Amino acid sequence: MPEITIDWLQKQAKQLVKKHWSISEIPVILLATRNDSISIERALDWDNYGGYYCSDIKSVLMNNENNVNYTLQGVKRILLHELVHWRLHVTGEEWHDSDERFARELIRVGLGRRHNKDEQAQLAAAQAWKRIKSQSFELFDRTGSEIFSIRLRHHRKDRDDFKRDLANTLIKIHNEREEDDSIFPGDVAHKMREWYGYKLDPISSYGIEISAGDGYGDGSIGDRDDIWLLLSKLDYDYDFIETNLKDSASEEE
């Protein structure tokens, strides 16, 4: 295997942070051995570490002795693992191996179950997979008070990924359509499945908007008049509404 150098590691780090977080900044990357002061000060067991994130100096320390035992792809995976620590730490999120947030980010960047064998880390990984499996994203098509929704899933995507993928899909589908062609939410969902690997979840297929106002309020259902209007939109007639919907306290006084 070619020699692992700082220049090579920095180049790989730049590619990885651009791919996974759309940023250009990378941490300081250091090569060290078991006898270096930075290793001794942290009492690291270098026989069992390929890399280490030094939170006090916000730097990634790569084990130059153990690197020779890995393929280049293996070293990149170790580097990415440490970059996840760094990225979450500098953005103020939970970043330790035992944190579920860290485990979810490992899954998102494609490291999946490549986690350390610590019991708490394994528990965090199991919790992360459980949460991700229950996570979904929705596209809504509003027609009056009726809402048709399309639910999508992707085990390696978070909210920011979904927003970015949706933006890219809207741009691309618009630029590729014929003049005067309409774009429907179903078209967008189809392309997100084709281009980004989302899976269709048919659980949510129909909804009714029940919050009051024009979308600029506080999201509450509203007062009697708002509920009266909603009931009328549900095709109930005047007599039914007046018979069943009692007056508000202020109207009774």
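This note goes through the aromatic pairs of a predicted model and one charge placed over a ring.

1. Because the model is predicted, local features need pLDDT of at least 70 and side-chain atom pairs count only at pLDDT 80 or more, while totals for chains, interfaces and linings use all residues. Residues are numbered from 1 along each chain as its sequence is written, and side-chain values use heavy atoms, with hydrogens and water left out.

2. The structure holds seven aromatic pairs, where rings of Phe, Tyr and Trp (its six-membered ring) pair if their centres lie within 6.5 Å, and where planes under 30 degrees apart count as stacked, over 60 as edge-to-face and the rest as tilted. Among them, Tyr53 and Trp95 have ring centres 5.5 Å apart and planes at 85°, so this pair is edge-to-face.

3. Tyr53 lies in strand S2 (residues 51-54) and Trp95 in the loop between helix H3 (72-90) and helix H4 (100-108), so the pair ties together parts that are 42 residues apart in sequence; helices (H or I, at least four residues) and strands (E, at least two) are DSSP runs, numbered from the N terminus. Tyr53 is buried at a relative accessible area of 5%, and Trp95 is buried at 16%, where buried means under 20%, exposed over 50% and partly exposed in between (1.4 Å probe, protein chains only).

4. The rings of Tyr236 and Phe240 have centres 4.7 Å apart and planes at 20°, so they are stacked. Tyr236 is partly exposed at 40% relative accessibility, as is Phe240 at 37%.

5. Phe137, Phe162 and Tyr198 are linked into a cluster by ring pairs.

6. Lys172 lies over the face of Trp195, at 4.2 Å from the ring centre; the criterion is NZ of Lys or CZ of Arg within 6 Å of the ring centre and within 35 degrees of the ring normal.
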